[in-house]
Amino acid sequence: MPPEADGPQVLIAGAGPVGLTLAHELTRRRVRVRVIDRADGPATTSRALAVHPRTLEACHQMGLADALVARGRPVVHFTVHLRGRQLIRFDTNYGRLPTAYPFSLMLDQVRTEEILRERLAELGVGIEWGVELADCAPSGDRVNAELRRDGRSEQVTVPWLVGADGSRSTVRERLGLRLVGDATQTWLNADVVLDADLSRDSNHLVHTGSGTVLLVPFPDPGKWRAVDTEYAGQGADPETVRRRLAGSLARGLGRPVAVSEPTWVSVFRVQQRMITAMRSGRCFVAGDAAHVHSPASGQGMNTGMQDAYNLAWKLADVVRGHAREELLDTYAAERIPVGGRLLSSTRTATALVALRNAVAPVAMPVGLSFLKAVRPLKRRVEHRIMAGMSGLALHYADSPLTYGTGDGAAGVRPGHLVACTEQDVARYPGLRALRQALTDPRWLLLLFADDGGAAELTLRYGRAVQIRTVAPHEDEDGPALADPDDALRQTLGVPPGGWALIRPDGYLAAKGQRSGTTTLTARLQALHLLPEDTAPGAGDSAGRPAPDGTRRGVTTE
């Protein structure tokens, strides 16, 4: 049977951080969602802990970053210990990775989910707990699904379905998608309170002689996540774990360490797996349903939320008639390579964190002492660590949505993230205005000269694209964006009188010389965007409402 006219346009299976991010971004773009989860209620254990800068930049666009930062603990160092010695402390180096969030935010996943649920509730979206997706099958322009609750079955038909239902995803299984990869070491996670006199703006890697314990601070006073990389089935009851951690940390730190009984213990196999497709018909998968990473660099939740963020704006544009369905093919084209690169980097991080090489206790002091003495080399290493961990270096230069390479050109290259530091935002009005403009859920077209085409482009593409003329002075009566010191144009590397097109997720799609409305229209159409007069369901020339309640012109929110 066909979907109900006023029913959900997207069914989301899974109410973890991935499903909640997707639901938030679709709802923010006026797409009706239904969110289900087989669990009886929200998770109560901490699970993922780190929110990295790229994710925080996305959360700024979502309007959530301030709430996350207020509840979390910024970490800006990584300290290595061996036999009572502090061998080295790595600092942050975001010199070539501009961001307003130059730190990793330690915040338990439970609290991240709380913030997302609170904001969704404000938008009128609730979570249906205890509802399991038992089956699903794409069928032409719809998806048939079976839901189960309290032993009762419900047959539903929806236009779109997204599986954010974790590493044991029902959606992935029903679509016949297979995780490929391996599982190697067995590690143990424990949440404990320590009396250890360790700086809490740093993660600490403690070499215990034959293995390591990674310590990550919670926002709560004295509380740490301990990752024991040498666990070998010695028992996971709280008292056994407490004694083992106390002994291991005392050997590595060279002093007694008081360890509380863990409030949460998890034994797990370190997995490195991903799928080779993320879509089947009108069904998608995201997060752990599509890829599973080692926790060594804290990438799992971040990558999943970024999957959801990437998919949400594309799916919303298609659902609301702003873009052709071909836009959705770019989801897998962009996110599968990201997953592959992360598998490689997290394998390296896993090996470095575990340090199971027998010569490590001898080689580490020598190598790290040399690194500490040669400061330029240390700074290069710190940059590489930040590039791999922060997510800021990930790009879509090879995406079908990226036009031009920008090789050798100044400023942001096409396919790369547009971001700036807090200092630059405070100093330059143009960058401050840009940061605010990026909170609009539409594409952003910046025109550094207006020959009269802005009004025509707004009329035809204003529902999908925010079109702003950049001027040297603020226009109080119009939509012009003020850039009095030319900092915005120079940061983007746009030629005088040129233009720049930024995607809804903050990545630069294209830039170039100003060459008229016809050229820009062709560029928008090449990115699968539909003008108002051809968009399915668009209002007519008199401005009457489209079926989704919007009107022609510039208003989207």
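Two strands are said to pair if DSSP finds at least two bridges between them, and in this predicted model that criterion is met by strand 22 and strand 25 (residues 499-502), which pair in the antiparallel sense over four bridges. Within this pairing, the bridge partner of leucine 444 is isoleucine 502 of strand 25.

## Strand 22 and its partners

Strand 22 covers residues 443-447, and five of its five residues are buried. The burial concerns both faces of the strand, since Trp443, Leu445 and Leu447 lie on one side while Leu444 and Leu446 lie on the other, and all of these are buried. Leucine 444, whose bridge partner in strand 25 is isoleucine 502, is thus named together with Leu446 on one of the two covered faces.

Besides its antiparallel pairing with strand 25, strand 22 pairs in the parallel sense with strand 23 (residues 465-471), and five bridges link these two strands. In this parallel pairing, leucine 447 stands opposite threonine 469 in strand 23. The connection between the two strands passes through helix 13 (residues 453-461), and the resulting β-α-β crossover from strand 22 to strand 23 is right-handed.

## An open sheet of three strands

Elsewhere in the chain, three strands form an open sheet with antiparallel pairing, in the order 9-10-11. Its edges are strand 9 (132-139) and strand 11 (152-158), each of which pairs on one side only, and the twist from one strand to the next averages 15°. Strand 10 (residues 142-149) runs antiparallel to strand 11 and is joined to it by seven bridges; here alanine 145 stands opposite valine 156, a residue of strand 11.

## Two loop residues with positive phi

Which values of phi are found for arginine 30 and for aspartate 197? Arginine 30 has a phi near 65°, which is a positive value in a residue other than glycine, and aspartate 197, likewise a residue other than glycine, has a positive phi near 55°. The table sets out these angles with the loop and the relative accessible area of each residue.

| Residue | Phi | Loop between | Relative accessible area |
|---|---|---|---|
| Arginine 30 | near 65° | helix 1 (17-28) and strand 2 (33-37) | 38% |
| Aspartate 197 | near 55° | strand 13 (180-195) and strand 14 (202-207) | 73% |

Because its relative accessible area is 38%, arginine 30 counts as partly exposed, the class that lies between the limits of 20% and 50%. Aspartate 197, with a relative accessible area of 73%, is exposed, a term that applies over 50%.

## The chain as a whole

The secondary structure of the chain comes to 15 helices and 26 strands. For 557 residues a compact globule would have a radius of gyration near 24 Å, so the value of 25 Å for this chain agrees with that expectation. Along the principal axes, the C-alpha trace spans about 75 × 65 × 35 Å.

Of the 557 residues in the chain, 57% are buried, and the accessible surface comes to about 22,500 Å², with 51% of that area belonging to carbon and sulfur atoms. Among the contacts in the chain with a separation of 6 or more, 71% are accounted for by residues 24 or more positions apart.

How values were computed
Residues numbered from 1 in each chain as written. Predicted model: local features only at pLDDT ≥ 70, side-chain atom pairs only at ≥ 80, totals over all residues. Heavy atoms only, no water. Axes fitted to C-alpha atoms, helices over the stretch in contact; angles between N-to-C directions. Rg over C-alpha atoms; globule rule 2.2 N^0.38 Å. Buried < 20%, exposed > 50% of the residue type's maximum accessible area, 1.4 Å probe, protein only. Contact = heavy atoms within 4.5 Å. Areas by Shrake-Rupley, 256 points an atom, 1.4 Å probe, with all protein chains shown as cover. Right-handed = clockwise from strand over helix to strand, strands pointing away.
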